[in-house]
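Reader: I would like to go through this structure with you and ask, for each label you attach to it, what the label rests on. Could we begin with charged pairs?

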Amino acid sequence: MASFSTSSTYCLSKNVVFLSDFSPLYQFPTQSPRRRFSKKIVSMITQPSSRMPATTGSVKSWMTMTEKLLARTSEKLHVVPGENLWVNVDVLMTNDITGPGAIGVFKREFGENAKANPDYKGVCHIALAQEGHCRPGEVLVGTDSHTCTAGAFGQFASGIGNTDAGFVLGTGKILLKVPPTIRFVLDGEIPNYILAKDLILQVIGEISVAGATYKTMEFVGTAVESLTMEERITLCNMVIEAGGKNGVIPADKTTYDYLKDKTTVHYEPVYSDEQARFLAEYHFDISKLEPLVAKPHSPGNRALARECEDVKIDRVYIGSCTGGKTEDFMAAAKVFLASGKKVKVPTFLVPATQKVWMDLYTIPVPESGGKTCSQIFEDAGCGTPASPSCGACMGGPRDTHARLNEPQVCVSTTNRNFPGRMGHKEGQIYLASPYTAAASALTGHVTDPRNFLQ
Ligand SMILES: CC(C)[C@H](C(=O)O)[C@@H](O)C(=O)O
């Protein structure tokens with residue numbers, strides 16, 4: 001078995017894995033009732049970098065950010081799209097849905113033994129970020145298609161299968177083909193009724209759900225620069241809904257400030273060369289963007305929220321790795337506060353992590369006279385925030401909190417609206433931003449949040 005020169009180990013979840021210095025030491029989880037429906041981090045391995053720097057300007061061929069990330073982590077000076085590389089992985093993430101399969105491969109191929117860790121953090125993609133495991137310049141892979149979320153930190157991040165993950169656990173390496181990069185330039189001041197969810201629905205609607213298949217989606221421009229880290233996370237989270245291999249946002253002061261109190265690991269950001277070659281470039285003026293939804297049954301089925309106001313809804317769901325972060329709930333609370341009204345349909349709230357849940361009860365919402373999100377939600381007649389988990393984003397068993405057990409219509413801040421996704425195969429899911437979700441909860445039909453925010 002190959003081993004790293006040094007390795008440290010992080011285990012952030014209840015249930016499963018503890019790995020130390022790559023000696024095969026772990027305990028395979030017994031069946032947990034939550035195993036299938038709540039993605040929690042079960043193991044991560046970090047590998048300190050002792051690599052050659054990626055070249056910038058010292059060779060005649062220029063590279064995109066993703067090409068540089070993969071060049072550096074495969075110890076090459078230069079790579080081109082289509083090239084196959086053995087990449088040294090910095091962080092591997094598994095969760096309690098897909099982890100058992102990956103660990104099974106690892107166990108079969110590399111060894112026995114086990115140990116559990118009781119520290120449950122929450123939905124893996126958000127817990128990873130909150131715990132400081134997403135860092136510029138690194139390669140992070142995980143057994144979940146939404147691992148692309150971490151590209152928000154200026155790193156290469158992509159979902160992989162359990163077999164690959166088993167081998168990453170054993171060797172620290174993965175074979176990757178360098179993807180070509182499509183660049184999305186999002187410029188303009190973001191209007192106060194638009195959130196990152198609208199930006200990504202706009203992009204997916206433009207290029208279709210297959211528009212970036214095995215491509216990198218690099219996001220730049222003044223609108224992207226103005227996004228908070230949580231909003232950048234929303235943008236990169238849904239890259240996979242366009243087929244993207246990874247999404248990436250150049251690291252900047254916002255990134256460094258977010259990481260300041262979260263990690264002491266040294267990281268080295270990389271940036272696309274000015275002369276780098278992009279497969280295509282799309283430009284959007286975000287100042288003109290209107291609130292959007294993705295109608296059933298595809299994240300690419302883009303429509304203006306105001307054009308769907310005849311769609312009567314049965315419920316609203318605010319949660320998941322896409323739309324269950326602290327700022328997502330703050331955004332919803334802002335709409336409820338502005339309206340001063342009560343919701344007309346059941347409104348389910350599922351925080352992504354323990355920290356988000358705590359934030360809902362402790363952080364005052366701006367201009368609310370000191371009220372927390374939880375107080376505002378209670379005043380508006382929403383459900384009580386549930387325990388952190390993936391909740392009904394992926395449906396789950398019949399008794400999963402907020403699952404669609406009837407053929408109902410739901411406005412949801414989640415990332416997928418395929419048939420059956422939230423439970424009932426005839427359920428209809430309208431993907432939307434937390435602003436649009438909250439506005440729709442207040443009226444009982446799909447609603448443009450400008451009705452309350454202007
Ligand atoms: C749980 C996991 C297997 C799944 C995926 O990888 O797509 C998840 O992210 C999802 O949203 O459906």
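Author: A salt bridge here is a side-chain nitrogen of Lys or Arg within 4 Å of a carboxyl oxygen of Asp or Glu. Please keep in mind throughout that this is a predicted model.

Reader: What makes Asp 273 and Lys 68 a salt bridge?

Author: The closest N and O atoms of Asp 273 and Lys 68 are 2.9 Å apart, and the cut-off is 4 Å, so the pair qualifies as a salt bridge. Asp 273 lies in the loop between H8 and strand E11 (280–285), whereas Lys 68 belongs to helix H1 (residues 65–73), and the pair therefore ties together parts that are 205 residues apart in sequence.

Reader: Why are Asp 273 and Lys 68 called buried or exposed, as the case may be?

Author: Buried means under 20% relative accessible area. Asp 273 has a value of 6%, so Asp 273 is buried, and Lys 68, with a relative accessible area of 2%, is therefore buried as well.

Reader: How do you know that Glu 218 and Arg 183 meet in a salt bridge, and which parts of the chain does that pair tie together?

Author: The N to O distance between the side chains of Glu 218 and Arg 183 is 3.6 Å, which is within the 4 Å limit, so this pair also counts as a salt bridge. Glu 218 sits in strand E9 (residues 216–220) and Arg 183 in strand E8 (residues 181–187), so the two tie together parts that are 35 residues apart in sequence. Glu 218 counts as buried at 1% relative accessibility, and Arg 183, with a relative accessible area of 19%, is buried because that value is under 20%.

Reader: What are the labels for Lys 262 and Asp 261, and what do they rest on?

Author: Lys 262 forms a salt bridge with Asp 261, with their closest N and O atoms 3.5 Å apart. At 25% relative accessibility, Lys 262 falls between the 20% and 50% limits and so counts as partly exposed, whereas Asp 261 has a relative accessible area of 66%, which is over 50%, and is therefore exposed. Elsewhere, salt bridges that share partners join Glu 290, Arg 306, Asp 448 and Arg 450 into one network. A search of the whole structure finds 20 salt bridges.

Reader: Why is H7 called roughly perpendicular to H10?

Author: Helix H7 (residues 229–237) and helix H10 (residues 326–339) pack at an angle of about 100 degrees, with their axes 8 Å apart. Angles of 65 to 115 degrees count as roughly perpendicular, so H7 is roughly perpendicular to H10. The residues that meet are Glu 230, Glu 231 and Thr 234 in H7 and Thr 326, Glu 327 and Asp 328 in H10.

Reader: What makes Thr 255 buried, and which residues is Thr 255 in contact with?

Author: Thr 255 lies in helix H8 (residues 253–259), and its relative accessible area is 0%, which is under 20%, so Thr 255 is buried. Leaving aside neighbours within four places in sequence, Thr 255 is in contact with Pro 136, Phe 153, Met 229, Arg 232 and Pro 250. Pro 250 lies in the loop between strand E10 (246–248) and H8, and its own contacts, with the same neighbours left aside, include Met 65, Phe 219, Val 220 and Tyr 271. Pro 250 and Val 220 are 30 residues apart in sequence and 7.3 Å apart in space, C-alpha to C-alpha.

Reader: Why is Tyr 361 called partly exposed, and which patch does it belong to?

Author: Tyr 361, which is found in helix H11 (residues 354–362), has a relative accessible area of 34%, and because this lies between 20% and 50% the residue is partly exposed. Tyr 361 forms a nonpolar surface patch with Trp 357 and Met 358, and together they have about 280 Å² of accessible area.

Reader: How many helices and strands does the chain have, and what share of its residues is buried?

Author: The secondary structure comes to 14 helices and 17 strands, and buried residues make up 61% of the 454 residues in the chain. The chain exposes about 17000 Å², of which carbon and sulfur atoms supply 51%.

How values were computed:
Residues are numbered from 1 along each chain as its sequence is written. This is a predicted model: local features need pLDDT of at least 70, side-chain atom pairs count only at pLDDT 80 or more; totals for chains, interfaces and linings use all residues. Side-chain values use heavy atoms; hydrogens and water are left out. Patches are made of residues with over 30% relative accessible area and no salt bridge: like charges are joined within 9 Å, nonpolar side chains (Val, Leu, Ile, Met, Phe, Trp, Tyr) within 5 Å. Accessible areas come from the Shrake-Rupley method with a 1.4 Å probe; for residues, only the protein chains shown count as cover. Helices (H or I, at least four residues) and strands (E, at least two) are DSSP runs, numbered from the N terminus. Buried means under 20% relative accessible area, exposed over 50%, partly exposed in between (1.4 Å probe, protein chains only). Axes are lines fitted to C-alpha atoms, for helices over the stretch in contact, and angles run from 0 to 180 degrees between N-to-C directions. Angles under 35 degrees count as roughly parallel, over 145 as roughly antiparallel, 65 to 115 as roughly perpendicular and the rest as oblique. Contact means heavy atoms within 4.5 Å.
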